[in-house]
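Here is a short briefing on one protein chain. Look over the sequence and the 3D view, then read the points below.

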Amino acid sequence: MPSYNLSPTVVFISQLGTDGDSWQPVINLIRSNVPTFTYDRPGTGTRPPRPEPNPPLP
């Protein structure tokens with residue numbers, strides 16, 4: 001039977017135009033205890049902006 005990690009995942013979101021790598025020092029401290037996930041939103045960090053037209057998402 002497979003084992004599943006039921007711990008909540010901590011999600012790190014890029015901030016103030018930086019990329020998700022800015023969270024790496026924090027992730028290094030906690031990742032042995034909890035699962036972590038980081039990503040860059042469109043137009044921040046290494047992600048390109050959404051293509052035109054760029055209406056607000058619902």
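Accessible area is found by the Shrake-Rupley method with a 1.4 Å probe. By that method, the chain exposes about 4900 Å². Carbon and sulfur atoms supply 62% of this exposed area. The model is predicted.

**Overall layout**

- The chain holds one helix and two strands.
- Along the sequence, these elements follow the pattern β-α-β.
- Strand β1 covers residues 10-13, and helix α1 covers 24-30. Strand β2 covers 36-39.

**Burial and contacts**

- The chain has 58 residues, and buried residues make up 10% of them.
- Buried means a relative accessible area under 20%.
- Take contacts between residues at least 6 apart in sequence: 53% of these join residues at least 24 apart.

**The aromatic pairs**

- How many aromatic pairs does a search of the whole structure find? The search finds two.
- One of them is formed by Phe 12 and Trp 23. Their ring centres are 5.0 Å apart, and the planes meet at 45°. This pair is tilted.
- Where do the two partners lie? Phe 12 is in strand β1, while Trp 23 is in the loop between β1 and α1. The pair therefore ties together parts that are eleven residues apart in sequence.
- Is Phe 12 buried or exposed? Its relative accessibility is 7%, so Phe 12 counts as buried.
- Trp 23 has a relative accessible area of 22%, so this residue is partly exposed.
- Phe 37 and Tyr 39 form a pair as well. Their ring centres lie 6.0 Å apart. Their planes are at 35°, so this pair is also tilted.
- Phe 37 has 45% relative accessibility and counts as partly exposed. Tyr 39 has 31% and counts as partly exposed too.

**A buried aspartate**

- Where is Asp 40 found? Asp 40 sits in the segment after β2.
- Why does Asp 40 count as buried? Its relative accessibility is 12%, and the cut-off for buried is under 20%.
- Which residues does Asp 40 contact, leaving aside its neighbours within four places in sequence? With those neighbours set aside, the contacts of Asp 40 are Ser 14, Asp 19, Gly 20, Gly 45, Thr 46 and Arg 47.

Conventions. Residues numbered from 1 in each chain as written. Predicted model: local features only at pLDDT ≥ 70, side-chain atom pairs only at ≥ 80, totals over all residues. Heavy atoms only, no water. Helix = DSSP H or I, 4+ residues; strand = E, 2+ residues; numbered from the N terminus. Buried < 20%, exposed > 50% of the residue type's maximum accessible area, 1.4 Å probe, protein only. Contact = heavy atoms within 4.5 Å. Phe/Tyr/Trp six-rings, centres within 6.5 Å; stacked < 30°, edge-to-face > 60°.
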